[in-house]
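Welcome! Take a moment to look over the sequence and the 3D view below, and then we can walk through a few of the details together.

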Amino acid sequence: MHTNNKPLATPSPERRGELLATAAVLFAAQGYNATTVRRIADAAGMLAGSLYYHFDSKESMVDEILSTFLNELWEGYDAVLDAGLGPRETIGALVTESFREIDRHRAAVAIYQKESQHLAAQPRFQYLVDSQQKFEKAWLGTLERGVADRVFRADLDIRLTYRFVRDTVWVAASWYRPGGQHSPEEIARQYLSMVLDGIALRD
């Protein structure tokens, strides 16, 4: 009897990406703890056991979803922060980059917002804490530089301003849909106009 000794085929990057996208949507909609491997497999049209051919655990899936999002976010943020822009231009570029990331990784942003505090308690997800600290330092530093350079008002509470801008931008992941009426860049332009110039007419 002939025995086929060919090794199993390597999982394709395309299929892996599809599974991660499916898992991300479910984690975002149902919550990480409530989403089972079986539910992910059902949504992907495969048996739960087959999913383990691609990922060793649900934890590995959410880890890859979040780390991919944050790595890309920091590529964009670091490019902005290294560009030598003025404080106002830096804020504008950071807001624009943020909306681009919401466009690319909306489900991952939602997972990050809902699950990062819980996940960060595990050593595997220490990078979530590191990223949050780096994020805060970048925004607060830029706002402080703007006040010092007399670009932003001297009476601003820097930390409150940071929280307002951060929450105003990132909560958009709850309603934004790719391919909608406005591009990420147009939404960023509108938000920046409201944040930097206000909404009231001036004499």
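## What covers helix 2

In this predicted model, the buried residues of helix 2 are covered by surroundings that include helix 1, helix 3 (48-51) and helix 4 (58-81). Which residues of helix 2 are buried? Within its span, residues 37-44, they are V37, I40, A41 and A44. Looking down the axis of helix 2, you would find these buried residues within an arc of 95°, so they line one face of the helix.

Now turn to the other side of helix 2, where R38 and D42 are exposed. Just after helix 2 comes G45, which takes a positive phi of about 75°.

## A pair within helix 1

Side chains of opposite charge can pair when their charged atoms come close. Altogether, the structure holds 15 salt bridges, and helix 1 offers a friendly place to start. There, the side chains of R15 and E18 meet in a salt bridge, with 3.2 Å from N to O. Both residues lie in helix 1 (residues 13-30), three residues apart, which is about one turn of the helix.

Are these two partners buried or exposed, or something in between? R15 has a relative accessible area of 25%, so it counts as partly exposed. E18 is partly exposed as well, at 43% relative accessibility.

## Two bridges to R104

Next, look for R104, whose side chain meets that of E101 in a salt bridge of 2.5 Å, N to O. E101 and R104 both belong to helix 5 (residues 87-104) and sit three residues apart, about one turn of the helix. The side chain of R104 also meets that of E97 in a salt bridge, here at 3.6 Å, N to O.

How accessible is each of these residues? E101 has 0% relative accessibility and counts as buried. E97 is buried too, with a relative accessible area of 9%. R104, at 46% relative accessibility, is partly exposed. Buried here means under 20% relative accessible area, so the values for E97 and E101 place both in that class.

## A wider network

The pairs around R104 are part of something broader. Which residues are linked in a network of salt bridges? They are E72, E97, R100, E101, R104 and E185. To trace this network in the 3D view, you could begin at the salt bridge between E101 and R104, go on to the one between E97 and R104, and then look for the other members, E72, R100 and E185.

Methods. Residues numbered from 1 in each chain as written. Predicted model: local features only at pLDDT ≥ 70, side-chain atom pairs only at ≥ 80, totals over all residues. Heavy atoms only, no water. Salt bridge = Lys/Arg side-chain N within 4 Å of Asp/Glu carboxyl O. Helix = DSSP H or I, 4+ residues; strand = E, 2+ residues; numbered from the N terminus. Buried < 20%, exposed > 50% of the residue type's maximum accessible area, 1.4 Å probe, protein only. Arc of directions from axis to C-beta. Contact = heavy atoms within 4.5 Å.
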